[in-house]
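Welcome! Take a moment to turn the structure around on your screen, and then let us walk through it together, one part at a time.

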Amino acid sequence: MQKNHLHVGVSEVDVVASLGLKPVYQTALGAAFLGDSQKLLEQIPAETVHLVFTSPPYALHFKKEYGNAHKRDYVRWFIPFAKQIFRILRSDGSFVLNIGGSYNESIPTRSLYHFHLLIALVEEVGFHLAQECFWYNPAKMPMPAEWVTVRRIRIKDSVEHVWWLSKTPWPKASNLNVLKQYSPDMLRLSRRGVRPTVRPSGHVIRNSFDKIAAGGAIPSNVIEDGLPAERDVPIPETMLKFGNNAANDAYAKRSKELGLKMHPARFPAALPEFFIRLLTDEGDIIIDPFAGSNTTGLVAESLRRRWIAMERVPEYLEASRVRFDQPDSSDPPTDGQAQRELF
Ligand SMILES: C[S@@+](CC[C@H](N)C(=O)[O-])C[C@H]1O[C@@H](n2cnc3c(N)ncnc32)[C@H](O)[C@@H]1O
């Protein structure tokens, strides 16, 4: 085993990661690493990862504190990460990328940068577009103020794109893992039955309700609500709409108490939770290369998946530790080789 290399063994039941670099912290199922994820991803062996779920810094006019590439450089900036992600994914693996849209500078028109990125990911890197999904986030600010709240010539933006990409056209997935509760109307119809009819579109509605037997309704590609704590419970139809900066969640409270630097752009746990349930099984490996406050790792751990988080800002990674209520998990390795078995 090479020193200074992250090694993930590929035996089906026993995947081993050990790293010359010490994780900042680790838990029963995962580990968080500090550094440039482009370099860290290079250390992961090919074809070992089931899901890469992430939200990189978006291209913005104004640099956020953690640094964002400009729109015109964005595709060029991202492609080296994407090539590594493609390499490490298993053939049935998925790469789910949450990316926000943006306005062009000084004019009220939208940039196409995230569409250019999607096309490059498919046409240059070799990903397949399994499905385009959307995160409905009604808590987004009405920006840019100039167009939305001052001149009132544009409307509020409330969705972000979530590109579900895959290494082959056949990624592992089961929508049975993310079924929603049926609406009262649907349940009533199932009790009473429906008369077979033909819709104006020509679609034939039959009176069989086999779908009810599946235990829930198939969700749409607009992800907007929380998921149940218990894996087998369908998602409630009554929606809890999520903003991306819950001011009072456990992470925020604990970070404030401890005076830690809170991450300014977290996504809600519901987002990774939906895709982790849809695309992975217990024990699978999930990587978030732009981990921020490590929402992905927390959700992966709670769903009993293995995870690796990568983040280059030390304060963010340090604060993310509170999510696991694990005061000190970064004791030096004991094997004397500065290597550590993670899984
Ligand atoms: C949008 S935030 C992710 C937030 C995260 N989803 C959460 O819920 O907390 C993007 C993160 O990527 C990190 N980042 C940017 N470039 C990076 C790189 N080359 N390697 C590792 N992390 C990077 C930034 O520091 C930032 O914390």
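## A walk from the sheet outwards

Let us begin in the middle of a strand: Leu51 has Ile286 of β12 as its bridge partner. Leu51 also stands opposite Ser94 in β6, so this residue is a handy place to start, since DSSP pairing of strands rests on bridges like these. Please keep in mind that the model you are looking at is predicted.

Both partners of Leu51 belong to strands that pair with β5. With β12, β5 pairs in the parallel sense over two bridges. With β6, which covers residues 89-99, the strand β5 (residues 49-54) is also parallel, and here the pairing runs over five bridges. Another residue to look for is Phe53, whose bridge partner in β6 is Val96. As for its surroundings, β5 is mostly covered: six of its six residues are buried.

Now step back and take in the sheet to which these strands belong. It is an open sheet of nine strands with mixed pairing, and you can trace it in the order β3-β4-β13-β12-β5-β6-β8-β7-β11. At the edges stand β3 (25-26) and β11 (222-223); each has a single partner strand, so one side of each is left without a neighbour in the sheet.

What packs on this sheet? Helix α8, residues 270-279, does, and it touches β5, β6, β7 (128-136), β11 and β12 (285-288). The direction of α8 makes about 160° with that of β5.

Is α8 mostly covered or mostly open? It is mostly covered, with nine of its 10 residues buried. The buried residues are Leu271, Pro272, Glu273, Phe274, Phe275, Ile276, Arg277, Leu278 and Leu279. If you look at what lies over them, the cover includes strands β5, β6, β7, β11 and β12, together with helix α9 (295-302).

That brings us to the pair of helices. The axes of α8 and α9 are 9 Å apart, and the two helices pack at an angle of about 45°. Since angles under 35 degrees count as roughly parallel and those from 65 to 115 as roughly perpendicular, α8 and α9 are therefore oblique to each other. Their crossing is right-handed. On the α8 side, the contact is made by Pro272, Glu273 and Ile276, and on the α9 side by Thr295, Thr296, Val299 and Ala300. Sorted by class, the residues of this contact are four nonpolar, two polar and one charged. As you look at these residues, it may help to know that an α-helix has 3.6 residues a turn, so residues three or four places apart point the same way.

The loops on either side of α9 have something to show as well. In the loop between β12 and α9 you will find Asn294. Its phi is near 60°, a positive value in a residue other than glycine. Asn294 is buried because 30 other C-beta atoms lie within 10 Å, and a residue needs 20 or more to count as buried. Beyond the helix, Arg304 sits in the loop between α9 and β13 (306-311). Arg304 also has a positive phi, of about 60°, although it is not a glycine. With 13 C-beta neighbours inside 10 Å, however, Arg304 counts as partly exposed.

Two prolines in other loops are worth a visit. Pro144 lies in the loop between β7 and α4 (145-150). A cis peptide bond joins Met143 to Pro144, with omega about -10°. The other proline, Pro169, is in the loop between β8 (159-166) and α5 (184-192). Is Pro169 buried or exposed? It counts as exposed, because it has 8 C-beta neighbours inside 10 Å, and the limit for exposed residues is 12 or fewer. Pro169 is 42 residues away from Phe127 in sequence, while their C-alpha atoms are 8.7 Å apart in space.

To finish, here is the view of the whole chain. The protein chain has 10 helices and 13 strands. Of its 343 residues, 37% count as buried. Among contacts between residues at least 6 apart in sequence, 71% join residues at least 24 apart.

Note on methods:
Residues are numbered from 1 along each chain as its sequence is written. This is a predicted model: local features need pLDDT of at least 70, side-chain atom pairs count only at pLDDT 80 or more; totals for chains, interfaces and linings use all residues. Helices (H or I, at least four residues) and strands (E, at least two) are DSSP runs, numbered from the N terminus. Two residues are in contact if their C-beta atoms, placed from the backbone, lie within 7 Å. Axes are lines fitted to C-alpha atoms, for helices over the stretch in contact, and angles run from 0 to 180 degrees between N-to-C directions. Angles under 35 degrees count as roughly parallel, over 145 as roughly antiparallel, 65 to 115 as roughly perpendicular and the rest as oblique. A crossing is left-handed if the near helix is turned anticlockwise from the far one by less than a right angle, and right-handed if clockwise. Ala, Val, Leu, Ile, Met, Phe, Trp, Tyr, Cys and Pro count as nonpolar, Asp, Glu, Lys and Arg as charged, and the others, Gly among them, as polar.
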